[in-house]
Amino acid sequence: MDERIIALLAEEKQEGLALLQQRYGGMVRYIVRGILPDAQDAEECVSDVYLRVWQRFATFDAARGSLAAWLTAVARNTAVDYRRRAAAPAGEWDENAVSAPSPEDEVLRRERSRQLRDALERLSGAERQLFYRKYYYLQSTAQMAAELSLSERAVEGRLHRLRRRLRKLMGGDGA
């Protein structure tokens with residue numbers, strides 16, 4: 001099914017977008033609602049996710065990852081952008097005003113990203129899932145606890161141990 005969606009979107013056929021929404025709509029709404037609790041903001045954001053997909057589909061590269069992974073990143077990034085705009089005082093948000101990092105900063109950012117990816121690879125699947133829920137999808141402790149059938153205190157304890165383990169894996173003191 002993904003191959004057909006990819007082919008249709010590459011040809012800029014709206015049927016591809018409709019199939020994408022049908023297949024992944026629940027996932028997109030789940031991601032966005034986890035980041036944007038306001039239902040109206042979430043619905044606007046979901047619409048923007050599909051608009052971004054339509055406008056930026058040329059950036060999709062199947063060699064780098066699956067359609068679902070790419071869509072997950074688009075949904076998450078769109079929702080985070082909405083959240084930042086909502087938090088910024090009126091009139092202060094300008095998407096074009098973000099300055100480019102220096103070459104040194106970019107090298108350091110890439111190195112930290114590589115270290116984090118390496119450390120995440122060394123975690124168990126459950127630990128990785130917890131990390132992504134909290135720090136990538138920005139889920140609340142309460143939401144994670146409810147969906148994992150744990151208490152909030154148990155989730156907080158696991159997150160604390162996870163952060164400590166990641167620090168150690170990345171060369172920190174681990175304390």
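**Aromatic pairs and helices in a predicted model**

I'll start with one residue, phenylalanine 60, which counts as buried because its relative accessibility is 12%, and the cut-off for buried is under 20%. Keep in mind throughout that what you see is a predicted model.

What does phenylalanine 60 pair with? The structure holds 7 aromatic pairs, and in one of them phenylalanine 60 meets tryptophan 70. Their ring centres are 5.6 Å apart, with 65° between the planes. That pair is edge-to-face, since an angle over 60 degrees is put in that class.

Now look at where the two partners sit. Phenylalanine 60 is in the loop between helix H3, residues 39-56, and helix H4, residues 67-87, while tryptophan 70 belongs to helix H4 itself, so the pair ties together parts that are 10 residues apart in sequence. Is tryptophan 70 buried or exposed? Its relative accessible area is 16%, so tryptophan 70 is buried.

A second pair joins phenylalanine 131 and tyrosine 132. This one is also edge-to-face, at 5.6 Å centre to centre and 80° between the planes. Phenylalanine 131 is buried, with a relative accessible area of 11%. Tyrosine 132 is partly exposed, at 35%, because that value falls between the cut-offs of 20% and 50%.

Those two residues are part of one aromatic cluster, which also takes in Tyr135, Tyr136 and Tyr137. Tyrosine 136 has a charged visitor as well: the charged end of arginine 76 sits over its ring, 4.5 Å from the centre. For another example of an arginine over a ring, go to arginine 85, which lies over the face of tyrosine 82 at 5.1 Å from the ring centre.

Next, the overall picture. How many helices and strands does the protein have? There are 8 helices and 0 strands, and read along the sequence the pattern is α-α-α-α-α-α-α-α. The C-alpha trace spans about 55 × 45 × 40 Å along its principal axes. Of the 175 residues, 32% are buried. Take the contacts with a separation of 6 or more: 57% of them are between residues 24 or more positions apart.

Let me pick out helix H7, residues 141-148. Its buried residues are Thr141, Gln143, Met144 and Ala145. A general point helps with reading such a list: an α-helix has 3.6 residues a turn, so residues three or four places apart point the same way. What do the buried residues of H7 pack against? They pack against helix H2 (14-35), helix H6 (125-136) and helix H8 (152-169). After H7 comes serine 149, which has a positive phi, near 55°.

Last, the surface. The protein exposes about 11,300 Å², and carbon and sulfur atoms supply 49% of that. There are 29 positive and 26 negative charges, and their mean positions are 8 Å apart.

For an exposed residue, take alanine 86, found in helix H4. At 62% relative accessibility, alanine 86 counts as exposed, because the cut-off for exposed is over 50%. How far is alanine 86 from glycine 171? In sequence they are 85 residues apart, and in space 36 Å, C-alpha to C-alpha.

To recap helix H4: tryptophan 70 there is buried, whereas alanine 86 is exposed. That's all I have.

Definitions and conventions:
Residues numbered from 1 in each chain as written. Predicted model: local features only at pLDDT ≥ 70, side-chain atom pairs only at ≥ 80, totals over all residues. Heavy atoms only, no water. Phe/Tyr/Trp six-rings, centres within 6.5 Å; stacked < 30°, edge-to-face > 60°. Helix = DSSP H or I, 4+ residues; strand = E, 2+ residues; numbered from the N terminus. Buried < 20%, exposed > 50% of the residue type's maximum accessible area, 1.4 Å probe, protein only. Lys NZ or Arg CZ within 6 Å of the ring centre and 35° of its normal. Contact = heavy atoms within 4.5 Å. Areas by Shrake-Rupley, 256 points an atom, 1.4 Å probe, with all protein chains shown as cover. Lys, Arg positive; Asp, Glu negative; His and termini not counted. Charge placed at Lys NZ, Arg CZ, Asp CG, Glu CD.
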